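Q: I have a structure open in front of me and would like to learn how to read its features one at a time. Could we begin with a single side chain and work outwards from there?

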Amino acid sequence: MVTAADFESKTEIKWCPGCGNFGILAAMKDALAKLGLSPEKVLVISGIGQAAKTPEFMQCNMFHALHGRALPLATAAKIANHNLKILVNTGDGDCYGEGGNHFMHAVRRNIDLTVLAHNNMVYGLTKGQASPTSERGTITRVHQHGVIMEPFNPLAVALSLKAGFVARGFSGRMEHLSSIIQQALQYNGFSLIDVLQPCVSFNHVNTHRWYSERVYELEKENYSPADYMQAMVKAQEWGNRIPIGIVYKQDKPSFTDQVFALKDGPLVDRTYSPEPLRELLKEL
Ligand SMILES: Cc1ncc(C[n+]2csc(CCOP(=O)(O)OP(=O)(O)O)c2C)c(N)n1
Ligand code: SF4
């Protein structure tokens with residue numbers, strides 16, 4: 001039987017005490033264990049940042065990529081071995097800022113992987129600058145008069161690109177988040193989970209208490225994640241009430257389901273035969 005302890009790494013965790021990343025890490029391990037996925041069947045990929053340290057704190061296949069570049073790596077890994085369960089751990093800056101272009105096209109490709117975007121609304125690793133999800137007016141050491149741009153809305157952007165699984169979790173509700181992760185891993189296609197994550201060192205507005213007073217679980221309301229227009233409305237809801245749960249879900253073929261060359265199974269299982277390529281190169 002697989003347990004969360006099977007994913008325990010010996011690496012010392014270097015997040016601030018109270019950081020929301022701990023809840024996300026615990027939820028991820030819990031979800032993998034509940035699905036009976038053993039560490040060798042799982043690949044965790046990240047970019048750069050506090051969130052992106054997550055794979056270092058897990059015992060399974062892992063790759064720590066460059067800033068914003070987790071998704072191209074994850075895409076390549078999925079194409080090479082589409083039997084792997086791939087989880088991308090990324091920050092709001094890493095995923096929606098530096099990696100924004102990759103995010104957009106991974107959604108469009110419908111690559112079968114799960115993105116856990118640890119959304120603390122700041123750049124944590126580099127000491128609290130504004131990120132794409134920082135609200136207008138947010139004061140930082142750089143933005144001393146407040147951020148003057150509109151925030152990036154990950155759920156609405158993913159929906160507008162026709163993502164088939166769009167969800168939001170909260171690091172302070174571990175069991176609820178684990179349940180979303182389990183459903184995302186079982187979904188065949190691109191799944192986004194934007195996770196509200198307090199940064200105790202650099203975000204003193206959107207704190208654990210602030211979220212706890214506002215979040216509500218969609219599953220407990222009469223809400224259907226099958227309704228696209230309703231999902232768009234939910235994606236805009238922010239302020240006194242913040243929805244968490246699966247905002248939208250629709251089944252459709254994933255990228256690797258549709259690529260003809262992958263119909264005979266994963267590339268990693270093929271015999272390496274460079275001869276046809278050599279012949280082709282001779283003709284050029
Ligand atoms: C190309 C490049 N640009 C900038 C940086 C510096 N940098 C490292 S992490 C980071 C932001 C991380 O913020 P976020 O993705 O929100 O993650 P967090 O640390 O908050 O978890 C930046 C700007 C870098 N390493 N590489
Ligand atoms: S700086 Fe923020 S995001 Fe980074 S470990 Fe500390 S609390 Fe977490």
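A: Let us begin with Arg-278, which has a relative accessibility of 45% and therefore counts as partly exposed, since that class lies between the limits of 20% for buried and 50% for exposed. Please keep in mind throughout that this is a predicted model.

Q: With which residue does Arg-278 form a salt bridge?

A: The general idea is that side chains of opposite charge can pair when their charged atoms come close. In this structure the partner of Arg-278 is Glu-275, and the closest N and O atoms of the two are 2.7 Å apart. Glu-275 is likewise partly exposed, because its relative accessibility is 43%.

Q: Where do Arg-278 and Glu-275 lie?

A: An α-helix has 3.6 residues a turn, so residues three or four places apart point the same way. Here both residues belong to helix H10, which runs over residues 275-283, and they are three residues apart, about one turn of the helix.

Q: How many salt bridges does the count come to?

A: The count comes to twelve, and among them is the pair of Lys-220 and Glu-217, whose closest N and O atoms are 3.4 Å apart. The two partners differ in setting, because Lys-220 is exposed at 67% relative accessibility, whereas Glu-217 is buried at 14%. Both of them also belong to a network of salt bridges that includes Arg-173.

Q: Which residue forms a salt bridge with Arg-136?

A: That residue is Glu-150, with 3.5 Å between the closest N and O atoms. The two are 14 residues apart, and each is found in the loop between strand E6 (129-130) and H5. Glu-150 counts as exposed, because its relative accessibility is 60%.

Q: How should I read a helix that has a buried side, and which residues of helix H8 are buried?

A: The idea is to ask where the buried residues sit around the helix axis. In H8, which spans residues 228-235, the buried residues are Ala-231, Met-232, Lys-234 and Ala-235. They cover an arc of only 160 degrees around the axis, so they lie on the same side of H8. The face turned away from that buried side carries Met-229 and Val-233, which are exposed.

Q: What covers the buried residues of H8?

A: The cover includes helix H5 (154-160) together with three strands, namely E7 (165-170), E9 (215-217) and E10 (242-249). At the N-terminal end of H8, Asp-227 acts as a cap, with a side-chain oxygen 3.2 Å from the backbone nitrogen of Met-229.

Q: Which residues does Ile-79 touch, if I leave out those up to four places away in sequence?

A: A contact of this kind can join parts of the chain that are far apart in sequence. Ile-79, in helix H2 (residues 70-80), touches Phe-255, Thr-256, Leu-262 and Leu-267. Leu-267 is 188 residues away along the chain, yet the C-alpha atoms of Ile-79 and Leu-267 are separated by 7.4 Å.

Q: How many residues surround ligand 1?

A: There are 16, and the closest are Gln-50, Ala-51, Gly-93, Asp-94 and Gly-124. To read such a site, look for polar atoms that face the ligand. A polar backbone atom of Gln-50 is 2.8 Å from an oxygen atom of ligand 1, and a backbone N or O atom of Gly-93 lies 2.9 Å from an oxygen atom of the ligand. For Gly-124, the distance from a polar backbone atom to a ligand oxygen is 2.7 Å.

Conventions:
Residues are numbered from 1 along each chain as its sequence is written. Chains are lettered from A and ligands numbered from 1 in the order in which they are written. This is a predicted model: local features need pLDDT of at least 70, side-chain atom pairs count only at pLDDT 80 or more; totals for chains, interfaces and linings use all residues. Side-chain values use heavy atoms; hydrogens and water are left out. Helices (H or I, at least four residues) and strands (E, at least two) are DSSP runs, numbered from the N terminus. Contact means heavy atoms within 4.5 Å. Buried means under 20% relative accessible area, exposed over 50%, partly exposed in between (1.4 Å probe, protein chains only). The arc is that of the directions from the helix axis to the C-beta atoms. A polar contact is a pair of N or O atoms within 3.5 Å; within protein, one must be able to donate a hydrogen and the other to accept it, and residues adjacent in sequence count only if both atoms are side-chain atoms. A salt bridge is a side-chain nitrogen of Lys or Arg within 4 Å of a carboxyl oxygen of Asp or Glu. A residue is near a molecule or strand if one of its heavy atoms lies within 4 Å of it.
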